[in-house]
Amino acid sequence: MNEYTLKRLNAAFRFVLEMLALVALFLLGLGLSDSFIIQLTLAVALPLLAMIVWGAFVAPKATRRLEDPARLAVESGVWLAGALAFGLAVSWIVAMLFALAVIISLTLMFYWGQRGI
């Protein structure tokens with residue numbers, strides 16, 4: 001595979017990781033209460049909050065996109081929330097694997113100069 005293909009695969013992998021973070025927050029919301037109404041509210045609110053933050057400050061088309069290192073800090077907060085949510089809702093092994101995947105993807109983004117996407 002050429003470098004262009006690997007860069008595109010890393011961008012796609014990053015998108016998958018973003019979706020997994022939202023899934024983790026959804027699962028965490030479902031497990032935070034015994035009340036169905038509270039479960040449903042949190043299961044929707046937690047990923048929605050992450051989407052709002054990501055969309056406003058991190059996404060390539062964000063209206064208020066931050067520059068690094070501020071963008072990296074906000075982004076890392078969302079990644080950390082996803083990893084913690086996996087740990088609390090699923091298992092700490094899944095959380096560690098998710099965190100490792102995020103670190104690999106971020107490392108490759110810096111290496112290939114993909115922070116602008």
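This text goes through the interior of a predicted model, then a patch on its surface, and then one buried glutamate.

In soluble globular proteins, nonpolar side chains tend to be buried together. The largest nonpolar core of this model has 21 residues. Within that core, Leu17, Trp54, Trp79, Phe98 and Val102 touch the most other members. Four helices, α1 (3–31), α2 (36–57), α3 (70–89) and α4 (92–111), each supply at least two residues of the core. The largest share, six residues, comes from α1.

Leu17 can serve as a starting point for looking at these contacts. Leaving aside residues up to four places away in sequence, Leu17 touches Trp79, Phe98, Ala101, Val102 and Ser105. Trp79, Phe98 and Val102 also appear among the core residues that touch the most other members.

Nonpolar residues are found on the surface as well. Phe36, Ile37, Leu40, Val44, Leu48, Met51 and Ile52 form a nonpolar patch there, and together they have about 690 Å² of accessible area. One of them, Met51, is found in helix α2. Met51 counts as partly exposed because its relative accessible area is 43%, which lies between the limits of 20% for buried and 50% for exposed.

The last residue to consider is Glu75, which has its place in helix α3. Its relative accessible area is 0%, so Glu75 is buried. Which residues does Glu75 touch, not counting those up to four places away in sequence? They are Arg14, Trp54, Val58, Leu106 and Arg115. Of these contacts of Glu75, Trp54 is also one of the core residues that touch the most other members.

How values were computed. Residues numbered from 1 in each chain as written. Predicted model: local features only at pLDDT ≥ 70, side-chain atom pairs only at ≥ 80, totals over all residues. Heavy atoms only, no water. Core = buried A, V, L, I, M, F, W, Y, C linked by side-chain atoms within 4.5 Å. Buried < 20%, exposed > 50% of the residue type's maximum accessible area, 1.4 Å probe, protein only. Contact = heavy atoms within 4.5 Å. Patch = residues over 30% accessible without salt bridge, like charges linked within 9 Å, V, L, I, M, F, W, Y side chains within 5 Å. Areas by Shrake-Rupley, 256 points an atom, 1.4 Å probe, with all protein chains shown as cover. Salt bridge = Lys/Arg side-chain N within 4 Å of Asp/Glu carboxyl O.
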